[in-house]
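Please examine the sequence and the structure shown here. The questions below may be tried before the answers are read.

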Amino acid sequence: MRKRFREGVAKRLRLKDTWVVWFVLGMVMMNYPFLSIFNRPVLPFGLPLLYLYLLTGWFVSICTVYLFSRAARKENEKRDRH
Amino acid sequence: MLTANLVWGTALLYIALLFLVAYYGDQRQKEGRSITANPLVYSLSITVYATSWTYYGSVGKAATTGIDFLPIYLGPTLTAFSWWFFLKKIVRISKENNITSIADFISSRYGSSQVLGALITVITLTGIMPYIALQLRAVSTSFTIITGTRDFGLPLPESLATISPHPGLFSAIVLSLFSAIFGAKHLGAAERHEGMVAAIALESVVKLVAFLTVGIIITYVFFDGVGDIFYRLKEHSPADLARLSTLGSGNENSYLSWFSLLTLSMSAVMLLPRQFQVMVLENADERHLNSAAWAFPAYMFLMNIFVMPIAAAGMLMTGTNAGADYFVLTLPLKAGHHWLALLAFLGGFSASAGMVMVESVAVSTMFLNHVLMPVVVRLKPRSWFSFLLLNLKRVGIILVIFLGYLYQSIVGESYMLANMGLISFSAAIQFAPALIGGLYWPRGNKAGAIGGLALGFAVWCYTMLFPSIIHAGHWHSDILTYGPFGIELLKPQALFGLKLDPWSHTLFWSMFFNISAYLHLSIIFHQGEKEKEQVEKFVHVFEPADGTPQWETKRLSKPVTIVQFVNLMSKFIGEGPAYAAISDYLGDREIDGKGGVSEFELPNLKRFVEKTLAGSLGGAAAGAVVESFLSDIGSRMESVYDIFSTVRTSRDQSREALFVRLRASEIMSRSQELDIIMQDLLTLLLREFKLDLAVIRLLNDRGMLEVRCFKGEGGDAITGEDRQVEIDTHVGEAFLGRRTEFFNDTTYITKPIAKEIFNREGIKSFAHIPIASEGAPPVGILSVFSRSIVGLFTEQFVELLESLAGQLAQAVGIVREREAREQERRQKEAAQLENARVTRDLELAKQIQLSLLPERPPEVLGISIACRCTPATHVGGDYYDFFQRTEDQVDTVMADVSGHSVGAALIMVETRSVLRTQMQATRAPREVLRVLNELLYHDLTRAELFITMFCGKYDGTTHTFSYANAGHTRPLLYREGKWEELDAEGLILGVEMDVLFEQKEVSLAPGDLLFIYTDGIIEAEGKNGELFGVERLTATLTRLLDREPEGIVEEVMAEVTAYTSPAPLQDDISMVVVKVTDGKEPSNPPRPREKGQKPGTPSPPH
C-alpha cells in the first residue's frame, strides 16, 4: 500500500504538468494577495511573521524540488537500464 | 583596521589558489578526467548568481527597504521548478547547435541573424555595465573599509592619483587580468571551460562559508540568536522593525515592486549572460540539472538566512542604516574581530571575482562573435586567424570590465549596490520574450525578435539607464522632473503619466513594448527559409524523429569536396580540431572517388561545418563564413526543385510519388509486350515530371547498351547511338557501378564527350538509373534528361526513379524468360522435324542402296548361290555383286567400305559404278582390284575412307575358283571335309596408289561350300562382350552343310542375331554362299531377295 502510494507520487512528480502546477502555485503564494495575509508586524518565535512565512515557503519549495529531482533521477536510471 | 599589505597579500594568495585550482581543472580536462563534470560542481557554479550584491547588497537592501531583498532569491527558486523542462530544452538545443552564448542562442533561433546577434550584444554590453560596476565598487569599497586606505594602498604619485580618482581602477585591472587569462584559454566557446568552472565552484564555497561564519558570529556571539536581535530591534525602534518586516510601507516596497523584483530575478537567473554561460554552456550532462534544481535554491537559502539578522544587528549596533551595504565587513571590524573581517572581505572578493570573470568571458564571446566577427569574416581567411581571434577575445574581456569601470566612474556612489544590480536585471529581462517565444511559439520570427528587443532596450535606456546617469549628477538636467522639452507625459520615470516604483515602471513599459512588437511583427511578417529550418531545431527539439526520412530540401549548386571544407575550418579553429571534427562526422559515411560525400549528403556536411565553426565563431558568423566560402568557389545553397509539390510539407512519401508508382505497376501488369511497357512507362515519366527526354537502353547480345525505346523531343545525339559498356560514359559508369549516376547541373560535368553532347542538346540535368532487380546485375539503363531544370534530382526523386527501374527490370526479366522458353520450344520442334526428314531420307537411301545390290544371285551351272545384306543402320558400306560371264562363269565381289556413314554408302555407290564399268571387260580378279585401287585411290584418300574387297572368279568349265583379296575378311571354303580360309596377299584399297595383288586359285568339287562375308558376322558382340568369331561361324556352317545356300543364309543370320540379342546388330552384315553342285542345272531356285528386312529378325525357315 505504502509502496504503491510512493510509486504513484513518484509517477506524478515525473509529469511536466506537476512541475508547471507547482511553479504557478509558487508564483501565487509568493505574491499579493497571499502575502497580505502574513504582512503583519508580529514576531512569532521571535521572527517577523512575513519573514517566517517566506523562509518556510522557500524551504518547502526546495524540499519539493528535491523530491521532483529524485523522481526524475529514478526515471533516468530506469531508462538507462533498459 | 588591517594593514593594506596584509589584506593585499591575503588577496594575492587567494588569487594564486584560484589560479592553481583553475590550472588543475584545465589539466584534468585535457586528460579527460573532469573534476567539474558532476552535479555538485555544476550547482556550485550556478551560484555565481550570488555576487557582491548578495554578499554585501542584500544586507544593505534589507536594512533600507526591508524584506524586499528576498524576491531576488525567491524568483530563482521558483524557476527551478521549470528547469526540468525549460532549461533542459535550452541545454539540449545548445549542445546540438554548438551555441556559444545567449546572443548566439537567440539569433540562431531566428535564422542566425547577424543583426539580432549584434543587437543582443549591444544590449548585453550596455545592460551589464552597472552590474560589473557594482562588483568593482564592492571590491574597492570593501578594501577601503577594511584597510582605511584607498587604491589598495599602493604608494601612488599624487599626479596618478588625481588621474584616477576612483578606487575601482585597480580592482578592474586585477579582475580583468585574471579573467583574460582564464576565460580565453581557447577559442572554442561552445566547449566547457573547466578551469574557470572549478575556480568558480571554489569561490562559491568560500563566499558561502565566509557569509555563514560572519552571520553565525554576529547572531550568536554578538547577540543571543535571531530572536534576540528582532526583540531588541522591536524595543529599540518598533517603527523600523515594522518597516523592514512588512511590505507596502513605501513606494519602493509594495506588493507591486515585490512582484516586479520576483519577475526580474526569475528571468535574470536564466538570461544573464553569465548564468547562461554556467547553466547551459558549462553543463556537462543534462541530468545534472536535476540536482542543481534543488541544490541551487538551497545554496541561496543558506546564503540569505542571516541577511535579515545581520541587517537588524547592524542597525542596532550602528543605530542607523547608513552604510548598511557593508555591515558584513563593518560589524566584525566594529567588534574588533579583524580576522573575521578579513574572511568577510575574502568572501566578498570571491563573489565579485567569480561574477566578473564569468560575465566578462560570456560577454566578450558575444562581442567577438557578433560584433567583431561579421567584420573579420569579410576578410579572406588566413592561417593566423585563430590566433587573432583568441587575442581579440582577451581584449574583449578587458573591454567589458573597463566599460563597467566607466559606468562606475560616472554613477559613482549615488546608487546602492542592489539597485545597480537591478538596472542590469531590467536589461536582461528584455531577452525573455524572444527566448521563450522562440522556444515554444513556432510563429515567432526575426522581425518580431528584433523589433521587440530594440523597443524594449530603448525603453530601458530611457527609463532606467538614462535616469541613473542623470541621478549621479554629472549631467545637470531637469528632464527627470519636467520631462524632455517640458513634456510631462514623457518623463523618463513616469512615462505617460504612470507613476510606479522604478523597477515596476521600467518592467511594465519595456515589456509592454517588447512583447507587443514581438507578437505583432511575428504575425505580420513571414519567416525566412533559414528561420523555418531553425524553428524545427528549437521548438521541436524533444520530438523524436518518427523514423520516416526527412527529405532534403536543399542542395549545393556546385559540389564541394571534404578537403575544401576542412581547409576552411582549419583557418578558424586550427588544423587539429578541424581534422578531428571531420573524421568524427564522416564516421562510416560513404566517400566517393572524388573525395566527396554523396550529393544528398552535402547539405548536411555544410551544416556540420557551420555548426563546428559556430562553436567558435557563433552561429551567425559561422553561417556567413560558410556562405562566403561557397560563393568564392561558385557554389551556393539553393532549394531543390520541388518536383513533388508536397515535398516540403510531407515527411513521408508524397502522394505524387505514390501515384506514379501505382501507375507504373499498372503499366507493368497490363501488357506482356516489353515495347509497350517501355513506351507507356516513359510516357508516364514525361507527363508526370518536367522531363524533356527519357531513354531506355537494354543490354543486347553483342554486349552493347542498345537504345530500345525513347520518348521526348530532340536528343538525336543521345538516342542515335548505342553505348558501349565503358566507364568513359556516364551510362557505362551507371551500368558497371550498378548505381544511379546523376548530375543536377551539367555545367560541372567532367567527361568531355558527355559535356559536348549535353552542350549541344542543351541538357541541364540528367540521371542514368540502372535497370536491375534486387541484387541482380543490371539489364539496362533508364535515362532521363531535363533541359530546363537544374537540381531536379532530389533524393526522393532518384529513389522513385530507382524503384521504377527496379519494376522495369522485373518486367524485362519476365519477358526475356518467356522469349527464351519460346525459342527453345521452336528449336526443339525444328530439330524433331529435321530428324524425321533425315530419317526418312536415310530410309530412302537404304532402299536405294539395297536396290543397288543384285536383286538375286545369278544362275550359274554347277553352283548355287545365295546372298544377303542386312545393314546395321539405314545406310551401310557393304557391297557385293555378281557379274555373269557365261552360263557357267561368274565373277563375284564382296566389299566393305569402312564406317557406316552416308559417306561410306556414297563411296560404295561409286565403287559399284566403277566396278560395273570395269567389269565390262573380262579381267582377272587381281587385275580388277588393281584397277579399282587406282581409280578410287584419290576419292578414298579425300574421304578418308578405305575399302576392303574380295574378288573371285568361278569358272565352271575348269571347276576352279580364282580370287584376289584387298584386305577383306577371308572367305571360308569347305573342301574335302574341312574348312579353310581363302587368303591372298593384298593391301586395302585406298591406302597406296600402286599395289600388287596376289591371285590364287582353288579347284572346287561338288559339295564344296564357299562362304564370303563381311566382318559384321564374326565381330558381332554377344552379351558378355565375346565376339561371334570364325570358329562359331564354321561350326554353324558345318551344321548347315547339307542345306540349300538360301537356308544357310537364313540360319547364319538367325544365329548371329540370336547371339547379339537383345542388342541390335552393330555392323552391317553381308554374306554370299556358293555351293558347288554336281548337276548342270542350277540347284537353287531363283527367289526374290527380301527387301527392307529388318536386321535382327530372322526369316522364317523353309
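The questions and answers that follow treat confidence, overall make-up, the contact between the chains, one sheet and some backbone details.

This is a predicted model, in which local features need pLDDT of at least 70 and side-chain atom pairs count only at pLDDT 80 or more, while totals for chains, interfaces and linings use all residues. Residues are numbered from 1 along each chain as its sequence is written, and chains are lettered from A and ligands numbered from 1 in the order in which they are written.

Q: In which helix of chain B is confidence lowest?
A: The term pLDDT is the predictor's confidence in each residue, from 0 to 100. For chain B its mean is 83, and 91% of the residues reach 70 or more. Helices (H or I, at least four residues) and strands (E, at least two) are DSSP runs, numbered from the N terminus. Confidence is highest in helix α23 (residues 502-524) of chain B, at 94, and lowest, at a mean of 41, in helix α7 (residues 158-163) of chain B.

Q: What ipTM does the predictor give the complex?
A: Two scores are given for the complex. The pTM is 0.69, and the ipTM is 0.91.

Q: What share of the residues of chain B counts as buried?
A: A residue is buried if 20 or more other C-beta atoms lie within 10 Å of its own, exposed if 12 or fewer, and partly exposed in between, with C-beta atoms placed from the backbone. Chain B contains 38 helices and 18 strands. Of its 1102 residues, the buried share is 51%.

Q: Which element gives the most to the side of chain A that touches chain B?
A: Two residues are in contact if their C-beta atoms, placed from the backbone, lie within 7 Å. By this criterion, 32 residues of chain A are in contact with 34 residues of chain B. On the side of chain A that touches chain B, α2 (16-29) and α4 (49-81) of chain A each supply at least two residues. The element that gives the most, with 14 residues, is α4(A).

Q: How many nonpolar residues does the side of chain A that touches chain B have?
A: Ala, Val, Leu, Ile, Met, Phe, Trp, Tyr, Cys and Pro count as nonpolar, Asp, Glu, Lys and Arg as charged, and the others, Gly among them, as polar. On the side of chain A that touches chain B, seven residues are polar and three are charged. The number of nonpolar residues there is 22.

Q: Which strands are the edge strands of the open sheet with the order β5-β4-β3-β8-β7-β6 (chain B)?
A: Two strands pair if DSSP finds at least two bridges between them. Six strands form this open sheet, and the pairing is antiparallel. An edge strand here pairs on one side only, and the edge strands are β5 (723-724) and β6 (741-743) of chain B.

Q: Which residue of β8(B) is the bridge partner of Val695(B)?
A: Strand β3 (residues 693-699) and strand β8 (residues 780-786) of chain B run antiparallel and are joined by six bridges. In β8(B), the partner of Val695(B) is Ser783(B).

Q: At about what angle does helix α34 of chain B run to β7(B)?
A: Axes are lines fitted to C-alpha atoms, for helices over the stretch in contact, and angles run from 0 to 180 degrees between N-to-C directions. Helix α34 (residues 795-852) of chain B lies across β3, β6, β7 (765-771) and β8 of chain B. Its angle to β7(B) is about 40 degrees.

Q: Why is β7(B) largely enclosed by the rest of the structure?
A: β7(B) pairs in the antiparallel sense with β6(B) over three bridges and with β8(B) over seven bridges. Ser765(B), Ala767(B), Ile769(B) and Ile771(B) point one way, and Phe766(B), His768(B) and Pro770(B) the other way. The strand is largely enclosed because its buried residues number seven of the seven.

Q: Which residue does the cis peptide bond join to Tyr32(A)?
A: The omega of this bond is about 5 degrees. The partner is found in the loop between α2 and α3 (34-38) of chain A. The residue joined to Tyr32(A) is Pro33(A).

Q: Is Glu944(B) buried or exposed?
A: Glu944(B) has a phi near 55 degrees, a positive value in a residue other than glycine. Glu944(B) lies in the loop between α36 (925-943) and β12 (947-955) of chain B. Because 10 other C-beta atoms lie within 10 Å, Glu944(B) is exposed.
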